[in-house]
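Please find below a colleague's note on the structure under discussion. The points are numbered for ease of reply.

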Amino acid sequence: GRNSLAEMAEAARARGYSYLAVTEHSASHGFGNHVTDDQLRERIEEVAELNESLRGKRFRVLAGSEVNIATDGSLDYPDELLAQLDWVIASVHTSFRISGERMTERVITAIEHPLVDCIGHLTGRLIGRREPYDVDVEEVAEAAARTGTMLEINGNPNRRDLSERHARLAAETGAMICVNTDAHGTDTLSNIQYGIATARRAWLTADQVANTRPWREFSKLRKRARR
């Protein structure tokens, strides 16, 4: 990210938000800061300290991570560390050219992990730069609905992934959608407009989008809260 945790929180508050999930990339995806286990633990403590200073301001920062999904569907942090996070989003960042069957199995294995709250940018597309990788979106959506795992509409204008067609399919399957910004700085929190536009093109309702709710209600939709 380009801004401090406090700067991101203040920018989110200025937009009228009541919470913000901070989900830096995990250690093994091959780019970024390669956040180690110990660095993530430090981040969790930093989030807790910031939330203490924000007490009374009706705003909360959620400690999270965007973890990498390995080719076998495993994640690159241990469960005991993931359990300390408020929000875990799992995404494919490597090995895009494996077969559609293996990619689908890979993502569904992550979906079935009890601490994965959401799957990020499901097809990996970058508009005009990279075609979606081969994954059975319908099969993934059915697994997401079955397990209570959310699927992301990524608001980065280069991604918009899920697409409106896939978002409609997922919602009709019963999967809950989460609209996220993929913001790497305060300036790209405005990416939410593209995510909302995609959700509208998919004819989604507010009830089908998890993060239209306050955190107290949203947090109960995570499968870890349902267990």
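1. How many of the 227 residues of the chain, in per cent, count as buried? The share is 51% of the 227 residues, where buried means under 20% relative accessible area. The reader should bear in mind throughout that this is a predicted model.

2. On overall dimensions, the radius of gyration of the chain is 16 Å. A compact globule with 227 residues would have a value near 17 Å, so the chain agrees with that expectation. Taken along the principal axes, the box filled by the C-alpha atoms is roughly 45 × 40 × 35 Å.

3. On contacts, one may consider residues at least 6 apart in sequence: of the contacts between them, 74% join residues at least 24 apart.

4. On surface and charge, the chain has an accessible surface of about 11100 Å². Carbon and sulfur atoms account for 46% of this surface. The chain carries 30 positive and 34 negative charges, and the mean positions of the two sets lie 6 Å apart.

5. On secondary structure, the chain contains 9 helices and 6 strands. The 6 strands form an open sheet with parallel pairing, and their order is β1-β2-β3-β4-β5-β6. At the edges of this sheet stand β1 (19-22) and β6 (177-180). Each of these two has a single partner strand, so one side of each is left without a neighbour in the sheet.

6. Strand β2 deserves a separate comment. Is β2 largely enclosed or left open by the rest of the structure? Strand β2 is largely enclosed, because 8 of its 9 residues are buried.

7. The pairing of β2 can be described on both of the following counts. With β1, strand β2 runs parallel and is joined by 4 bridges; here Ala21 stands opposite Leu62 of β2. With β3 (residues 87-91), strand β2 (residues 60-68) also runs parallel, and 5 bridges join the two. Among the residue pairs, Gly64 stands opposite Trp87 of β3, and Asn68 has Ser91 in β3 as its bridge partner.

8. To conclude, the predicted model shows a chain whose radius of gyration agrees with that of a compact globule. Its strands form an open parallel sheet, in which β2 is joined by bridges to β1 and to β3.

Methods:
Residues numbered from 1 in each chain as written. Predicted model: local features only at pLDDT ≥ 70, side-chain atom pairs only at ≥ 80, totals over all residues. Heavy atoms only, no water. Rg over C-alpha atoms; globule rule 2.2 N^0.38 Å. Buried < 20%, exposed > 50% of the residue type's maximum accessible area, 1.4 Å probe, protein only. Contact = heavy atoms within 4.5 Å. Areas by Shrake-Rupley, 256 points an atom, 1.4 Å probe, with all protein chains shown as cover. Lys, Arg positive; Asp, Glu negative; His and termini not counted. Charge placed at Lys NZ, Arg CZ, Asp CG, Glu CD. Pairing = 2+ DSSP bridges.
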